[in-house]
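Please read the following report alongside the sequence and the coordinates. It deals with strand pairing, helix packing and ionic contacts.

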Amino acid sequence: MVVGLQNKSEMKYLNNWINGCESEPGNNLYLNKFNPHNGEIISCFADSQELDVSMAVDSAQNAYEGWKSFSPVKRGELLLQLVKLMQLNFDNLTHIFAIETGKPIKDANGELLGAIKLGEFFSSEGMRMFGRTMTSAIPNKQSFTIREPRGVAALIVPANTPMANIAWKVFPALICGNTVVLKSSEDAPNIAIEFARLSKTAGIPDGVLNVIHGTGLSAGQKLIENEKVKTISFTGSTIVGKVIANVAAQRLARVSLELGGKNPFIVCDDADLSNSVNWALLSAFSNAGQRCAAASRIIVFEEIYEKFVQLLVDQTQKLKLGVCTNSNLGPLISKKQQGMIKDIVDNTVSQGGRLLCGGDFPKEGPLSNGYYFYPTLIDNVSIDSKISNTELFGPVATIYSVKSLDEAIQLANNTSYGLTSCIHTKDINRAMYFAKNVKAGVANVNTGTFGSEPHMPFGGFGDSGNGTREPGTDALEVYSELKNVSILVESEFI
Ligand code: NAD
């Protein structure tokens, strides 16, 4: 049964992927997936419930011993085959998630390239996965560490960069020897299934990678509650992250939480103005601001405030909405998100915020059925206001004037989050002072608030996470157990 669907025969049905093949939901219920560009239904995805989730977990559990018994090098070879298939199917993959998310195709291409790089990095990790050798106080004792997998990993992702989010978790989990149940985002289900299909073609055994669609409350919640799940890696909102941490704590499941951000972008009076305007523009508005690492608070020294703001507003007003090759911003992922952002912007303006540009969505013309929002800049807001402290996950940034670097850093650190940050200055002393004192897992200088690479650790302070770092080799700490092996050797042999 499909909820609200008119033309059932032409619709694409997205089933779960369990034990190497498609699996219809037990209740035969599907949910509609809308195209954010025009509001049309593009597919229906399984509305999975507890039974579907436990089938997927059992499939992963059954495949675990076999996958674990492969050497990391062998696992890496199979993962590299998957990477090659991602390259061979480049256009098909980008098409799928560009349609699902409303991303302009050039953005989707960049995202898939990043996912491929990440896959290459972790496939090669099969040939490294280094342990440590250690000295001992005991004569003739040899001591070292090895890594072992943890079992079934539940990987839960959002839709903002769906291909990157999937790769970011699946590759490190699998190279370590875990098996996986991936909970797709309800806003980007198709790409998760296509990825799982490719994993089978790559020769990854059935059951090693399973995919479950559905809502957070039914599919996601049942997945995290399943006792057989030993590791939960979640990327999403802070509010859901806290729920997951609570559930996992009851059975001491390991949890990695990559959560929200309210990231500061500081522009000092000695900054290269044109460079800082370009990076502010990208940091605030690329991917329609739907980045955990988006710059949503722009903090500018008072000496250059008027000039900087004028330049930024001019550039912002030139940005084009749409999905064509020359567009800069696609739509938001859902109508709900569009409505939430409109409400908070209106509320801010009604309380005295000065709307510098944007503030609304297209009301007529070809984009009016989509979930678009004009890139928006607002100043004259208090640092304690709702908009200064709430992650909007859209193309909206607030701007603040400050008198000194200390005031800028104090303002930067004034939210409960601490994910990424950036400063623009030509002064190395200012840059280092900022890097040392900003409360954030990422501190960038003269670039954007985003830009992590596959071999770099990413994660946040405070409400932005629970202290884990993914990806890079730091992700191995999430997906493996460390075992210390010590051997007392007869002295004549060493
Ligand atoms: P969300 O928390 O609503 O949902 C994320 C995923 O969790 C979805 O798959 C959803 O179905 C699932 N989910 C929801 N409730 C659940 C529950 N009770 N149990 C288990 N799973 C559940 O987030 P969203 O709105 O889809 O994504 C936006 C958020 O993601 C923003 O806060 C953004 O900052 C964050 N994000 C963080 C990073 C990072 O690396 N730190 C990267 C991208 C996005």
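The text below goes through the sheets, then the helices, and ends with a salt bridge.

This is a predicted model, in which local features need pLDDT of at least 70 and side-chain atom pairs count only at pLDDT 80 or more, while totals for chains, interfaces and linings use all residues. Residues are numbered from 1 along each chain as its sequence is written, and side-chain values use heavy atoms, with hydrogens and water left out.

Helices (H or I, at least four residues) and strands (E, at least two) are DSSP runs numbered from the N terminus, and two strands are said to pair if DSSP finds at least two bridges between them.

Strand 5 (residues 41–46) has partners that run in both senses: it pairs in the parallel sense with strand 1 (residues 12–14) over three bridges, and antiparallel with strand 4 (residues 30–34) over five bridges. On the parallel side, Leu-14 has Phe-45 of strand 5 as its bridge partner, whereas on the antiparallel side Phe-34 stands opposite Ile-41. The hairpin of strand 4 and strand 5 leaves six residues between the strands, and in this hairpin Gly-39 takes a positive phi near 80 degrees.

An open sheet of seven strands follows the order 15-16-17-14-13-18-19, with mixed pairing. Its edges are strand 15 (354–357) and strand 19 (442–445), each of which pairs on one side only. Neighbouring strands of this sheet are turned by 25 degrees against each other on average, direction ignored. Within the sheet, strand 13 (residues 263–267) and strand 14 (residues 295–301) run parallel and are joined by five bridges, with Val-267 opposite Val-300 of strand 14.

Two helices lie against these strands, and their directions are compared below; axes are lines fitted to C-alpha atoms, for helices over the stretch in contact, with angles running from 0 to 180 degrees between N-to-C directions, and contact means heavy atoms within 4.5 Å.

| Helix | Strands concerned | Angle to a strand |
|---|---|---|
| Helix 13 (residues 405–412) | strand 13, strand 14, strand 17 (396–402), strand 18 (420–424) | about 165 degrees to strand 14 |
| Helix 14 (residues 428–437) | strand 13, strand 14, strand 18, strand 19 | about 165 degrees to strand 18 |

A further open sheet has three strands in the order 6-7-20 with antiparallel pairing, and its edge strands are strand 6 (133–134) and strand 20 (480–488). Strand 7 (residues 141–149) pairs with strand 20 over nine bridges, and Thr-145 has Asn-484 of strand 20 as its bridge partner.

Helix 5 (residues 162–175) packs against helix 6 (residues 189–201) at an angle of about 45 degrees, with their axes 10 Å apart. The two helices are therefore oblique to each other, since angles under 35 degrees count as roughly parallel, over 145 as roughly antiparallel, 65 to 115 as roughly perpendicular and the rest as oblique. Helix 5 contributes Pro-162, Met-163, Ile-166, Val-170 and Phe-171 to the contact, and helix 6 contributes Ile-191, Ala-192 and Phe-195. The residues of this contact divide into eight nonpolar, no polar and no charged, where Ala, Val, Leu, Ile, Met, Phe, Trp, Tyr, Cys and Pro count as nonpolar, Asp, Glu, Lys and Arg as charged, and the others, Gly among them, as polar.

The structure holds 22 salt bridges, a salt bridge being a side-chain nitrogen of Lys or Arg within 4 Å of a carboxyl oxygen of Asp or Glu. One of them links Glu-22 with Arg-197, whose closest N and O atoms are 3.4 Å apart. Glu-22 belongs to strand 3 (residues 21–23) and Arg-197 to helix 6, so the pair ties together parts that are 175 residues apart in sequence.
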